[in-house]
Amino acid sequence: MIVCIAEKPSVAKDIAQIVGAKERKDGFYQGNGYQVTWTFGHLCTLKEPHDYNPNWKYWYLEDLPIIPSNFGIKLISNKGVEKQFKVIESLVAECEEVINCGDAGQEGELIQRWVLLKAKCKVPVKRLWISSLTEQSIKEGFENLKESSQYENLYAAGSARAIGDWLLGINATRLFTKKFAINKTLLSIGRVQTPTLAMIVQRQKEIDSFVVEEYWELKTIYKNVEFIADIDRLKSEDRAKKGLEYLQKYPFEIVSFEKKEGKEKNPRLFDLTSLQVEANKKYGYSADNTLKYIQSLYEKKFVTYPRVDTTYLSEDLYPKIYGILSSMKYYENLIAPLLENPIPKSKAVFDDTKVTDHHAIIPTDILPEGISTDEKKIYDLVARRFIAVFYPECKISNTLVTSKVGEVPFKASGKQILEPGWRIIYEKDKKNEKEENLIPVFEVGESGPHDPFIHQGKTTPPKYFTEATLLRSMETAGKQVDDEEMREVMKDNGIGRPSTRANIIETLLHRKYIEKKRKNIYATSTGMDLIDTIQSEILKSVELTGHWEKKLRLIEKGEYSSDLFKKELIEMVTDLTQEVKNSQYRRISIQEKKNTEINEKSKKKTRTLRPVEDLFCPKCKTHKLIKGKSAYGCSDFKNCSFTIPFEIFGKKLTLKQISDLIGKGKTTKIKGFTVPESQEKRDGILLFNENFGIVFET
């Protein structure tokens, strides 16, 4: 028997249909020599400190740094997880071969490897590696199964990343919390989270300290074209007035007229980060929501694997492009001209050297149906970008005119689109673009009267980060890079992975280190205090964190040792611990906003309960809760598995009781629980155990 392990039930169902395992069992499908089972994302996790040493359950400064001699894994404490793992364990123990059908990426590889390790798998393992979940893609994947050994480096990188995050997160968070926090404040430190916060804080300080200055510019109108004096801005109004008097004495004269035709390159295909950036700019979507929408489209088979960091396609995809374009019936007016000629095979689109595990995000040949409005918008972004890369380049004309009035030089520039090319795809967006500055033809040496004037302006501070600009800064290690090719080169030094950056931003929001006002991201006083308290550049530097990310990518390529990476992190954590223990800085706390309202009749303050869906999961502390048919659960349930049933021990919980349990870890005393063993009625409280299971105490 061959056992296939998918990452979620829906994928397992699709695979089971294709391999002929059509008999449904408890926790798996069976038939035609296959058994197809599944995980729910992470079933296993790294052991917690107290799993190595019971004393490490308590946060004592003298116990730091906590460095286990060997890192181990354990099952996530959850009845559903434990039940499904037993199914996998029993199937693996009796099979002849396992096919790892997990998500085809670093995290997916780690999830499956840990499960197989925990299940003590002894049989050969093959790897299904696919970029979309269409029937054709899955069939082709099974026809070309890979050896599991081909992905050892991918697993090593995932393992090193998890251990690195554990080492720094556990030690630095306990270290700074015990050293500096007051009022039970948790000071969360992370390998990517903290340098990201440092970028936001630095920008906040630049804005806060910015001094607005007035300036004056000399401008003039000649033949309905506005020219600006090509000199430094004037710092005083008097100088500007004297300049204006001078200009009024002399005629305007054309010195040079240059008109150059050029091309605007096609936009690149989307990787996850550029898609999140575009969706934030165009629709205001958060990075986290964009990831959810594109992931949903992938699971519905309408787009290819989304958690990618390349904007290129592999060359073997070229023969399939015509078929994909032909299937996109909603865009047939735009696609028809492409299908009249051979599809161009540009190196800017197809390049095997720029593709690693997966190619850029593109549509599949399945026409999307039954998707939400938000998913339609994300699909439209992907579809139009896919079409645009095969259109001709946009031909433009750039005009530069230099001139003078007396001895004062002036200039004007403009751009004209001669042939729109790929811009046709985005004609509906033209209303959002600035009107082109069309400049008439001028003759060198021509001269005439003009209308000079003074323009008064003010210097502006740096702009606040938006999610779009923050994602770009994370991708390029804080460097301002506009050129797409340069961005590709710098990705190896970016911080975080495309799939985790949205989660980092959400974590900073949840921790109240940052806040959003409309699209802008602000550092809170707590976030600024935390960064000011951290003296170690190792924790705050985007550049240094980018070097660690590069090493993780080198591990993935087999060009760096994962053991050396762990050793370096252990040395860093040890040095950091000694440095902080010996330091003396002010202590900080989080300023909570009181959630109260005034009752007009009684004039008493009463607490306003927030909807449960607005609360963050108490287990992972990262994702918000969602309402299901019988319970509230973490919106990242596949990885977190946290739930609170509406009814427990025969008692339907009120909104306040659920809110208390989430916010305080326990309820007040509740009357009338039915004890399962005896069916007796008892009063008691509900509280979380250490694994966030709900227990009853009298």
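Buried means under 20% relative accessible area, exposed means over 50%, and partly exposed lies in between. The model used in these exercises is predicted.

**Exercise 1. Classify threonine 459 and describe its surroundings.**

Step 1. Locate the residue. Threonine 459 sits in the loop between strand S16 (451-458) and strand S17 (465-466).

Step 2. Apply the cut-offs. The relative accessibility of threonine 459 is 22%, so threonine 459 counts as partly exposed.

Step 3. List the contacts, leaving aside neighbours within four places in sequence. Threonine 459 is in contact with Phe210, Val211, Val212, Glu213, Tyr215 and Arg233.

Step 4. Check one C-alpha separation. Threonine 459 and glycine 243 are 216 residues apart along the chain, and their C-alpha atoms are separated by 21 Å.

**Exercise 2. Is serine 188 buried or exposed, and what does serine 188 contact?**

Step 1. Serine 188 has its place in the loop between helix H6 (152-180) and H7.

Step 2. The relative accessibility is 7%, so serine 188 counts as buried.

Step 3. Set aside neighbours within four places in sequence. The contacts of serine 188 are then Thr173, Gln193, Thr194, Arg511, Tyr513 and Leu530.

**Exercise 3. Describe the packing of helix H7 and helix H14.**

Step 1. Choose the descriptors. Two packed helices are described by the angle between their axes and the distance between the axes.

Step 2. Read both values. Helix H7 (residues 193-208) and helix H14 (residues 467-475) pack at about 125°, and their axes are 11 Å apart.

Step 3. Name the orientation. Roughly perpendicular covers 65 to 115 degrees, and roughly antiparallel starts over 145. H7 and H14 are therefore oblique to each other.

Step 4. Give the handedness. The crossing of H7 past H14 is right-handed.

Step 5. Name the contact residues. H7 supplies Thr196, Met199 and Ile200, while H14 supplies Leu470, Ser473 and Met474.

Step 6. Sort them by type. The contact of H7 with H14 has four nonpolar residues, two polar and no charged.

**Exercise 4. How many disulfides does the model contain?**

Step 1. Recall the bond. A disulfide is a covalent bond between the sulfur atoms of two cysteines.

Step 2. Set the cut-off. The pair of sulfur atoms must lie within 2.5 Å.

Step 3. Count. The result is zero disulfides.

Step 4. Test one case. For cysteine 101, the nearest cysteine sulfur is that of cysteine 4, at 4.4 Å, and cysteine 101 is in no disulfide.

Step 5. Add accessibility. Cysteine 101 counts as buried at 6% relative accessibility. Cysteine 394 counts as buried at 0%.

**Exercise 5. Which environment does isoleucine 231 have?**

Step 1. Isoleucine 231 lies in the loop between strand S11 (225-229) and helix H8 (237-247).

Step 2. Its relative accessible area is 41%, so isoleucine 231 is partly exposed.

Step 3. Not counting residues up to four places away in sequence, isoleucine 231 touches Leu218 and Pro409.

Step 4. Isoleucine 231 and valine 408 are 177 residues apart along the chain, yet their C-alpha atoms are separated by 7.9 Å.

**Exercise 6. Examine the backbone at proline 65, lysine 301 and lysine 512.**

Step 1. State the background. Most residues other than glycine have a negative phi, and most peptide bonds are trans.

Step 2. Take proline 65. The peptide bond from leucine 64 to proline 65 is cis, with omega near 0°. Proline 65 is in the loop between helix H2 (49-52) and strand S6 (73-75).

Step 3. Take lysine 301. Its phi is positive, about 75°, although lysine 301 is not a glycine. Lysine 301 belongs to the loop between helix H10 (287-299) and helix H11 (318-327).

Step 4. Take lysine 512. Its phi is positive, about 65°. Lysine 512 is in the loop between helix H16 (498-510) and strand S18 (514-517). With a relative accessible area of 37%, lysine 512 is partly exposed.

How values were computed
Residues numbered from 1 in each chain as written. Predicted model: local features only at pLDDT ≥ 70, side-chain atom pairs only at ≥ 80, totals over all residues. Heavy atoms only, no water. Axes fitted to C-alpha atoms, helices over the stretch in contact; angles between N-to-C directions. Helix = DSSP H or I, 4+ residues; strand = E, 2+ residues; numbered from the N terminus. Parallel < 35°, antiparallel > 145°, perpendicular 65-115°, else oblique. Left-handed = near helix turned anticlockwise from the far one by under 90°. Contact = heavy atoms within 4.5 Å. Nonpolar A, V, L, I, M, F, W, Y, C, P; charged D, E, K, R; others polar. Buried < 20%, exposed > 50% of the residue type's maximum accessible area, 1.4 Å probe, protein only.
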